[in-house]
Protein chains: 2
Amino acid sequence: MRARDLNKVELVKQKAMELLVKIGFEGFTMNKLAKECKISVATLYIYYKDKDDLILQVAMEEAERMSNVMLEDFDPEASFEVGLKQQWKNRAKCMLENPITAQFLEQLRTSTYQEDVYGTIVNNFKLTLGKFMTNAINRGEINPMQLEVYWSVAFAPLYNLVRFHFEGRSIGGKPFILTDEALWGTFELVLKALKK
Amino acid sequence: MRARDLNKVELVKQKAMELLVKIGFEGFTMNKLAKECKISVATLYIYYKDKDDLILQVAMEEAERMSNVMLEDFDPEASFEVGLKQQWKNRAKCMLENPITAQFLEQLRTSTYQEDVYGTIVNNFKLTLGKFMTNAINRGEINPMQLEVYWSVAFAPLYNLVRFHFEGRSIGGKPFILTDEALWGTFELVLKALKK
DNA sequence: AATATAAATGAATATTCATTCATTTAATAA
DNA sequence: TTATTAAATGAATGAATATTCATTTATATT
């Protein structure tokens, strides 16, 4: 018996994300992916049933992996300020250390694959987050609000900064680099918005 | 001479966006679009040079149209609170009244077309916004910060709420509807974050 | 070392898709 | 009304793309 080359499997996953981020769904093909990996296109069909299966499996694995990292050292019983800061730390680290994956998952959001990925994976993740917000409300640390409002104020600015960082130019003409100063300065603003 | 049917041209534009939003770049084809419009594919090639040209032209026209609406009644010399409120009003109205266009332009952001669209159109728009922020800083209404930080705190929560609204389910299982209350409640939070 | 077995492959095949072409249709201008 | 002209079309065409297949290759087991 010949064993499957796990490095090759991993390579396929990485290159698939790279290629999708680089040329978008509109340009992505199985042949390009195979060429990029320097393997036969037939090999892709040993690993995956078809193109959809490939994209979906890669997406699910990465979404799961990333959401696990995002919960590291996070305690939903922690105080609001400490908990939120930990969330920012995890999310920023996670995205900045995995730029391809982060951009790939972002890209998924406006594709037909979104539903399958987000429907299944991210659920206990959401529960933890909801519990954290409810705790903060019950303790009187923040005012009552809808979870969607909370999420939008608490995290959308962070995701947006990271996006500007990846795009490298954002609004003005000059490249934007997300420094620690900018990151934590923004965090303070968000904290100010949410705290009573 | 036979005149071009402008209703048909408009129909193509609308259906193109609808289809792209519905089935993503990965599923979009010229034949599907033609069928959707109940016209011949060949007609598409009278209006547009090729597929890229079609997507790009539709995108540019819509991006320009939307960014014009977003600046209606906006005065970069207005006070910070008044100006930001007007921006929120315009953007919310614009996206909620043009859901397809809004989602289509969102989708573009993670495609290869992004560069061409955003590079050209949105520039004087950005200048106006930058001027408004600088004014607010000079008047001492807000603290000095990078334009990217400002944008991320001032608008990312709004865009995120609208996205949740379109997705219709967002975080929890129940559908999320963006009410006026949620919208303006969030605005107050953002204002609190930014004002000195 | 020999065998067995799945991995891996290069070269098809089959399908989908963008694009073109030969005609027809409708509207304008004469 | 007729001639003219571009719009509009249905049916190709050919290129790109997903997928399969007949072989070969490598490795674990005996």
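**Exercises: two interfaces in a predicted model**

The rule finds 2 salt bridges across the interface of domain 1 and domain 2 of chain A, a salt bridge being a side-chain nitrogen of Lys or Arg within 4 Å of a carboxyl oxygen of Asp or Glu. Before we start: this is a predicted model, where local features need pLDDT of at least 70, side-chain atom pairs count only at pLDDT 80 or more, and totals for chains, interfaces and linings use all residues. Residues are numbered from 1 along each chain as its sequence is written, chains are lettered from A in the order in which they are written, and side-chain values use heavy atoms, leaving out hydrogens and water.

**Exercise 1.** Work out what joins the two domains of chain A.

*Solution.*
- Set the bounds: domain 1 is 1-47 and domain 2 is 60-194, as given by an automatic or database domain assignment.
- Find a bridge: A:Glu62 pairs with A:Lys13, with the closest N and O atoms 3.7 Å apart.
- Get the buried area (accessible area, 1.4 Å probe, that two parts lose on being put together, summed over both): about 820 Å², 73% of it on carbon and sulfur atoms.
- Split it up: A:Met17, A:Val21 and A:Phe25 supply 65% of the area that domain 1 buries against domain 2.

**Exercise 2.** Now describe how chain A meets chain B.

*Solution.*
- Count contacts (heavy atoms within 4.5 Å): 42 residues of chain A touch 42 residues of chain B.
- Take the area: the two chains bury about 3800 Å² between them, 59% of it on carbon and sulfur atoms.
- Look for charges: the rule finds 2 salt bridges here, including A:Arg109 with B:Glu106 at 3.9 Å, N to O.
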